[in-house]
Amino acid sequence: MTQEAQFGAEPTEDTPGLLAGVVTGAAYGVLFLLGVVLGVVGGFQHAWYVGQVPVAAIAWLAVLFAVPYAMGRLMGGKLAALVPAVGWLLVSFVLATPQPAGDLAVAGNSAGYWYLYGGAVAVAAAVVVTRSTGSWLLKSYGRA
């Protein structure tokens, strides 16, 4: 008697598809959380200056291009680049709006403008230049 028959679970053909869907959904959930983390950290750490130059905000532009682009290349599609970009956009623009107490994390100065608007251009560019080739995560290596 097989283990599946012993516990009453019949093997079905859609089980690998279900598992692949769960893994893919979890991967995209983690990518969204990565974008949220980028937004929170960047929202509070973008305003470092050297003289009059907002170097941290400009460095964040490179990060905000590199992370979605890398995730899109690793997962093999534009959606994987778009998901962390959306997470970053949501958090960053919420941090840029005045709160009821009057506080905001992303101020209306040169660092804030570079971070928000430059970052929006950087994540959009990362999504646009990402090629869709199929997911590395769901490839079956060595299986016939």
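Entry 1, terms and model. I take contact to mean heavy atoms within 4.5 Å, and with that in hand I looked up Ser132, which touches Gly76, Gly77 and Lys78 once residues up to four places away in sequence are not counted. I note at the outset that this is a predicted model, and that everything below is read from it.

Entry 2, overall make-up. I looked up the secondary structure and found 5 helices and 0 strands, which along the sequence gives the pattern α-α-α-α-α. Of the 144 residues in the protein, 31% are buried. I also checked the reach of the contacts: among those with a separation of 6 or more, 77% are accounted for by residues 24 or more positions apart.

Entry 3, the core. Which residues have the most contacts inside the largest nonpolar core? I found Leu31, Leu38, Leu64, Trp88 and Tyr115 in that role, in a core of 23 residues. Helix 2 (15-45), helix 3 (55-75), helix 4 (78-95) and helix 5 (110-129) each supply at least two residues of this core, and its largest share, 7 residues, comes from helix 4. For background I keep in mind that, in soluble globular proteins, nonpolar side chains tend to be buried together.

Entry 4, Tyr115. I followed Tyr115 outward and, leaving aside its neighbours within four places in sequence, found it in contact with Leu38, Gly39, Gly42, Gly43, His46, Ala57, Trp60, Leu64, Trp88, Ser92 and Val106. Three of the core residues named above, Leu38, Leu64 and Trp88, are therefore among the partners of Tyr115, given that contact means heavy atoms within 4.5 Å.

Entry 5, helix 4 and Ser92. Helix 4 has 18 residues and reaches 26 Å from its first C-alpha to its last, which is close to the 26 Å expected at 1.5 Å a residue. The buried residues I listed in helix 4 are Ala80, Ala81, Val83, Pro84, Ala85, Gly87, Trp88, Val91, Ser92 and Leu95. I then looked at Ser92 separately, which has its place in helix 4 and counts as buried because its relative accessibility is 0%. Apart from its neighbours within four places in sequence, Ser92 is in contact with Gly39, Val106, Tyr115 and Leu116. The C-alpha atoms of Ser92 and Gly42 are separated by 7.9 Å, although these residues are 50 residues apart along the chain.

Entry 6, how the helices pack. Two packed helices are described by the angle between their axes and the distance between the axes, so I looked up both for three pairs.

I began with helix 3 and helix 5, whose axes come within 8 Å and cross at roughly 20 degrees, which makes helix 3 roughly parallel to helix 5. The crossing in which helix 3 passes helix 5 is right-handed. On the helix 3 side the meeting residues include Ala57, Trp60, Leu64 and Tyr69, and on the helix 5 side they include Trp114, Tyr115, Gly118 and Ala122.

For helix 4 and helix 5 the axes again come within 8 Å, but cross at roughly 170 degrees, and these two helices are therefore roughly antiparallel to each other. Among the residues that meet here are Lys78, Ala81, Trp88 and Ser92 in helix 4, and Tyr115, Leu116, Val123 and Val129 in helix 5.

Helix 3 and helix 4 pack at an angle of about 145 degrees, with their axes 6 Å apart, and their crossing is right-handed. The contact is made by Leu64, Pro68, Met71, Gly72 and Met75 of helix 3 together with Ala80, Ala81, Pro84 and Trp88 of helix 4.

Entry 7, the segment after helix 5. Is Thr130 buried or exposed? Thr130 is found in the segment after helix 5, and I count it as buried because its relative accessibility is 1%. Not counting residues up to four places away in sequence, Thr130 touches Pro68, Tyr69, Gly72, Arg73, Gly77, Lys78 and Ala81.

I returned to Ser132, which is found in the segment after helix 5 and is exposed, with a relative accessible area of 53%. Ser132 and Gly72 are 60 residues apart in sequence and 7.8 Å apart in space, C-alpha to C-alpha. Thr133 also lies in the segment after helix 5 and counts as exposed at 58% relative accessibility. The C-alpha atoms of Thr133 and Gly72, 61 residues apart along the chain, are separated by 9.5 Å.

Terms used. Residues are numbered from 1 along each chain as its sequence is written. This is a predicted model: local features need pLDDT of at least 70, side-chain atom pairs count only at pLDDT 80 or more; totals for chains, interfaces and linings use all residues. Side-chain values use heavy atoms; hydrogens and water are left out. A nonpolar core is a set of buried Ala, Val, Leu, Ile, Met, Phe, Trp, Tyr and Cys residues joined through side-chain atoms within 4.5 Å. Buried means under 20% relative accessible area, exposed over 50%, partly exposed in between (1.4 Å probe, protein chains only). Helices (H or I, at least four residues) and strands (E, at least two) are DSSP runs, numbered from the N terminus. The expected span of a helix is 1.5 Å times one less than its number of residues. Axes are lines fitted to C-alpha atoms, for helices over the stretch in contact, and angles run from 0 to 180 degrees between N-to-C directions. Angles under 35 degrees count as roughly parallel, over 145 as roughly antiparallel, 65 to 115 as roughly perpendicular and the rest as oblique. A crossing is left-handed if the near helix is turned anticlockwise from the far one by less than a right angle, and right-handed if clockwise.
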